[in-house]
Amino acid sequence: MITQPAASHFIDGEYVEDSSGTPINVIYPATGEIIGKVYSATPAIIERAIESGTKAQKAWARLSGTERGRVLNRAASIIRERNYDLSVLETYDTGKPISETLYADATSAADALEYFGGLAGSITGEHIPLPDGNWAYTRREPLGLCVGIGAWNYPTQIACWKGAPALACGNAMIFKPSEVTPLCALKIAEILIEAGLPPGLYNVIQGLGDVGATLVSEPRVDKVSLTGSVPTGRKVYASAASQMKHVTMELGGKSPLIIFDDADLENAVSGAILANFYSTGQICSNGTRVFVQRKIQDAFLKRLVERLGQAVIGDPQDEATNFGPMVSQRQLDIVLEYFEKAKSEGARLITGGKPIAGDGFFIEPTVFADVTDDMTIACEEVFGPLMSVLTFDAEKEVITRANATEFGLAAGVFTADLSRGHRMVDALDAGTCFINSYNDAPVEVPFGGVKMSGVGRENSKAAITHYSQLKSVFVRMDDMESPF
Ligand code: NAD
């Protein structure tokens, strides 16, 4: 597969290059090889993207929702037809095994385009009857020019989770992928054009954080949707606030996964594995603080270690592989540092704990037990394959401990007692909760965080409210009254 894109940026329906920008190497995480090069957007590229987006948006907003939806649906079909090639590309971009990308990336992008394509014709206001025959109505209008800024863990999915609702509502979008994974969003832009999207409505420009910051501070941009870390979220939110821009913030987490002693052990172990090691642990909503009730802790750890022995670590383009490398040397180094901190603070290493020799950014799936609430690995987001196992005795105790974090993205509970499951969900500070499951993210369900984990929601009908605004129109049917 050719991984070098035709050019760095995709603006106004075509590839555009400006090699005077800072070069960004595209590195295949499985081998450490450079597989492509793009250039960070220059001021001229940013200006071109803004101008074409602003211009194209007006005509797009005047189409019927059904017409807009038809384009999104066509794009979804093309993505499904090309799922294999897009999955191979996603694997080159991120290092995630193809056994995952075939099912979780382009397919999720297509789901978003289909779902919001289907909703586009139903984005309406309401009629509000008032006394004396008067009435009002509301119009749900687009925001204008939206900016999407992506993290590197799900580049295809993020490009569409932001792009699909934005376009459905009649907006234009400029999407800036993470500099670590610049390839996939360009393909989405190409496919949208092929599906009939008018040029300019979905522009992709590359860049480091400074390009993102320039877009956020640009007065012609009406909304910013960021997927990234809390420190970046703070900066982006503050900058957007100075111009009263709309924002969606999908940020980090340190989510609790609570396993009661009445839970089905095999399901709980599956949940914990999925919640910590899928995508090599590089998922924002991961349940990285695994609270296990004392009575079953030994049995849980024993079964967990047995199951982790079945991980197939290796070439991510081989469908038999189910555990790939970290996305970058930098991310690998960050995780190794956390391993050292865990050991020095007294956590008990159960399995893993080392990088895997050879090229590429491979690291062992790692579990620490006897983790206490104050240890660094229990407080900070690691974003790698590190599971912390904490012991608890009582329901009230675990609720307090689970909520004692600045994050609030997700939370999971494994228990045979469904009343307790719902009681726990009621008490947990999290935007998304799972009962006897973990990390499901169907497009029909709102996704997002509370506390420092974010603002707003992606997916579902809720996303429409974050990519549109209401205009209220009062209509008088009787005569005007006036004081004089
Ligand atoms: P990051 O915050 O370093 O970067 C995210 C994006 O922001 C990148 O495109 C980057 O170039 C850009 N950026 C950096 N500084 C900026 C600035 N000042 N202004 C504008 N843009 C700027 O995050 P990352 O390392 O790419 O991704 C990992 C983080 O993303 C983790 O914290 C993870 O939890 C989070 N994440 C959250 C979700 C979610 O939906 N809640 C999903 C995936 C990842």
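## Where the two domains meet

In this predicted model, about 2,300 Å² is buried between domain 1 and domain 2, and carbon and sulfur atoms give 58% of that area. On the domain 1 side, the residues that lose the most area to domain 2 are Pro29, Trp152 and Ser453, which together make up 22% of what that side buries.

If you want to find the two partners along the chain, the domain assignment places domain 1 at 9–252 + 453–471 and domain 2 at 256–435. Their centres, taken over C-alpha atoms, are 30 Å apart. The contact draws 32 residues from domain 1 and 29 residues from domain 2.

What kinds of polar pairing does the interface hold? For salt bridges between domain 1 and domain 2, the count is zero. Polar contacts do occur across this interface: nine residue pairs are found, with both residues at pLDDT 80 or more.

Now for the elements on the domain 1 side. Those giving two or more residues to the side that touches domain 2 are strand 3, helix 3, helix 4 and helix 9. Helix 3 gives the most, with six residues. Here is where to look for each of them:

| Element of domain 1 | Residue range |
|---|---|
| Strand 3 | 23–28 |
| Helix 3 | 83–94 |
| Helix 4 | 98–104 |
| Helix 9 | 230–241 |

Finally, a look at residue character: the side of domain 1 that touches domain 2 divides into 16 nonpolar, ten polar and six charged residues.

How values were computed: Residues are numbered from 1 along each chain as its sequence is written. This is a predicted model: local features need pLDDT of at least 70, side-chain atom pairs count only at pLDDT 80 or more; totals for chains, interfaces and linings use all residues. Side-chain values use heavy atoms; hydrogens and water are left out. Domain bounds come from an automatic or database domain assignment. Contact means heavy atoms within 4.5 Å. Buried area is the accessible area (1.4 Å probe) that two parts lose on being put together, summed over both. A salt bridge is a side-chain nitrogen of Lys or Arg within 4 Å of a carboxyl oxygen of Asp or Glu. A polar contact is a pair of N or O atoms within 3.5 Å; within protein, one must be able to donate a hydrogen and the other to accept it, and residues adjacent in sequence count only if both atoms are side-chain atoms. Helices (H or I, at least four residues) and strands (E, at least two) are DSSP runs, numbered from the N terminus. Ala, Val, Leu, Ile, Met, Phe, Trp, Tyr, Cys and Pro count as nonpolar, Asp, Glu, Lys and Arg as charged, and the others, Gly among them, as polar.
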